[in-house]
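Take a look at the chain below. This report starts with one small turn and then works outward.

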Amino acid sequence: MISSLLLFQPAPTSPTLPKPKNSAFQALEACSSMAELKQHHSNFIKLGLSADNNAMGRVIKFCAVSEDGDLSYALKVFDAMPDPDAFIYNTLMRGHLQCQDARRSILLYLQMLEDSVTPNNFTFPSVVRACSVDNAVEVGKQVHAHVLKFGFGADGFCLNNLIHMYVNFLALEEARRIFDKMLRKDVVSWTTLITGYSQWGLVDEAFKIFELMPERNSVSWNAMIAAYVQSNRFHEAFALFDRMTAERVVLDKFVAASMLSACTGLGALEQGKWIHEYIEKNGIKLDSKLATTITDMYCKCGCLEKAFEAFNRLPYKGISLWNCMIGGLAMHGKGEAAIELFKEMEKEGAIPDSITFVNVLSACAHSGLVEEGRHYFQYMTEVHEIECKMEHYGCMVDLLGRAGLLEEAKKLIDEMPMRPDAGVLGALLGACRIHGNLELGEQIGKRVIELEPNNSGRYVLLANLYAKAGRWEDVASVRKLMNDRKVKKAPGFSVIELKGSVNEFIAGGRTHPETKSIYAKVDEMLETIRSVGYVPDTEGVLHDLNEEGKENPLFYHSEKLAIAYGLLNTKPGETFRITKNLRVCRDCHQASKLISKVFDREIIVRDRNRFHHFRNGVCSCNDYW
């Protein structure tokens, strides 16, 4: 994101060339293709202007920076010139930057100095950005010295680019030093520094700078909101957005995209709907990127109908939008629908990429479509010549493992062309837990723990395997290993949005203002479902290694508290949605099914892996999760 910030500040226009004095110059102004350009170039040569910087500068500018240009042709013209000026060098540096060839831009700058052509204020923004892109730290420092040497130490555009460069070099002290010495700081100066600090994880420091800003525009607000979103600090993003709207700052598509991502993170559907409606009412252009963000929000907030509406409204669908919708169907357990959408995508001529097949294979895994998964795993390489990556192997191991084909999954891992990572092995470990294969699970579990020694979930899975087999000494050993390594269990929390308000619950937490009535409702709902056959599933609790912990009793897991709050604030026949950061445990899964039936609610839960739609005593996953 930081590299795009400077685009919001208009680039300085190049020095105005002398006004065309003849028809040849005027004709070139209307040029729209290289074929025309070559005719104009030929005409200039006939007029004796082949060495004229004014004429050749125009030719080079079209070739180097126009969408219809040809940089290689610009270089041929440049090589034939006896004495190119700063404008021509600057134009070629810009052209190479546009072509992602930062190294060549730097070399052109060095050639410029060797040819004794004096840089101007239009030279340094391009060369500084080139150093940033190429991570040319030492050259960047020298260019900084040249900015001062040639008298541009007070030029705001040059200094903003230097701040950007040092941020990219992770030299935040130097970036801050330049910023602090600036006599005139504009919005870009402030925003570049804010984005730089947040980019390297210093979000609180970024907020301090944000608070010091004398004036802010939508770009500044978005930089800070995006910083919170990218750090998963969604509540703070919402609070800042509320401040922004209170100050009547216009919501543009960039802020909208950031806030939609925050809604996605919290599962805040109503807030997401409001932003979507704002986009439509205020005529904000719906490009493919924004449409993808909207579709993703609806998918991950548990509203597939609205996701399809957003998806279908865009006449041209880029690959990201197709991938988003296929992935959304996958996480909702609609494997057949995901495959049908993939087929429709191919019919429309869209070319699938690596991510497409991750989503298709994930759809097969969540729906138990073993044969289809095997087919598309081969189809990917044989038809589309897409190389299998770690993620594809992970999906296949997950698919085979869930289906109980543990030996086939193990064989696939053994035949992988790369060393399996913790994700691939973790999928097999999870399958061993589901199917109670202690021997293979123990072997894989130890490998996974060594690959991810700080991931508490890996220890939990292995301990669960030992506990199920009654090997309590091994359970104690895993517990000791966690303590020795100071590995902390991830705290479970669930979020529910009702009436536009987002409420968060932690396992056993009592900070909510309605705690008393919530806990009373939990007791009531559990007592009620006991009468229709609910029996608590205590596996994973007795040995104090389930993810939400024995210290927070099974009955007060975070999603049960969220469900109780949902029951208190909805009527029979209504729907509420919950987002949980961990995998739903078996007890909460069984309880949620019965609660949906007895209390006549549809409960949509998004856990770490997928969606569960509980309705009339049944879950959409068919207990396959």
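## A hairpin and its turn

This is a predicted model. Strands S1 and S2 form a hairpin, with two residues between them. Lys-499 sits in that turn and has a positive phi of about 55 degrees.

The two strands are S1 (residues 493-498) and S2 (residues 501-506). They run antiparallel, and six bridges join them. Phe-493 of S1 stands opposite Ile-506 in S2. In a regular strand the side chains alternate between the two faces of the sheet.

## Two more positive phi values

Lys-486 also has a positive phi, and it is not a glycine. Asn-616 is a further residue other than glycine with a positive phi. The table sets out these two residues.

| Residue | Phi | Loop between | Relative accessibility |
|---|---|---|---|
| Lys-486 | about 55 degrees | helix H29 (472-484) and S1 | 68% |
| Asn-616 | near 55 degrees | strand S5 (611-615) and strand S6 (618-619) | 52% |

Are these residues buried or exposed? Exposed means over 50% relative accessible area. Lys-486 therefore counts as exposed at 68%. Asn-616, at 52%, counts as exposed too.

## One helix with a buried face

Now turn to helix H25, residues 406-414. Which of its residues are buried? They are Leu-406, Ala-409, Lys-410, Leu-412 and Ile-413. Seen down the axis of H25, these residues fall within an arc of 160 degrees, so they line one face of the helix. A general rule helps here. An α-helix has 3.6 residues a turn, so residues three or four places apart point the same way.

The face of H25 turned away from the buried side carries Glu-407 and Asp-414, which are exposed. What covers the buried residues of H25? The cover includes four helices: H23 (370-382), H24 (390-402), H26 (422-435) and H27 (438-451).

## The whole chain

Step back to the full chain. There are 32 helices and six strands. The C-alpha trace spans about 95 × 55 × 50 Å along its principal axes. Of the 625 residues, 53% are buried.

Contacts can join distant parts of the sequence. Among contacts between residues at least 6 apart in sequence, 65% join residues at least 24 apart.

The accessible surface of the chain comes to about 28800 Å². Carbon and sulfur atoms account for 51% of that surface. The chain has 72 positive and 78 negative side chains. The centres of these two sets lie 3 Å apart.

Definitions and conventions: Residues are numbered from 1 along each chain as its sequence is written. This is a predicted model: local features need pLDDT of at least 70, side-chain atom pairs count only at pLDDT 80 or more; totals for chains, interfaces and linings use all residues. Side-chain values use heavy atoms; hydrogens and water are left out. Buried means under 20% relative accessible area, exposed over 50%, partly exposed in between (1.4 Å probe, protein chains only). The arc is that of the directions from the helix axis to the C-beta atoms. Contact means heavy atoms within 4.5 Å. Accessible areas come from the Shrake-Rupley method with a 1.4 Å probe; for residues, only the protein chains shown count as cover. Lys and Arg count as positive and Asp and Glu as negative; His and the chain ends are not counted. The place of a charge is taken as NZ of Lys, CZ of Arg, CG of Asp or CD of Glu. Two strands pair if DSSP finds at least two bridges between them.
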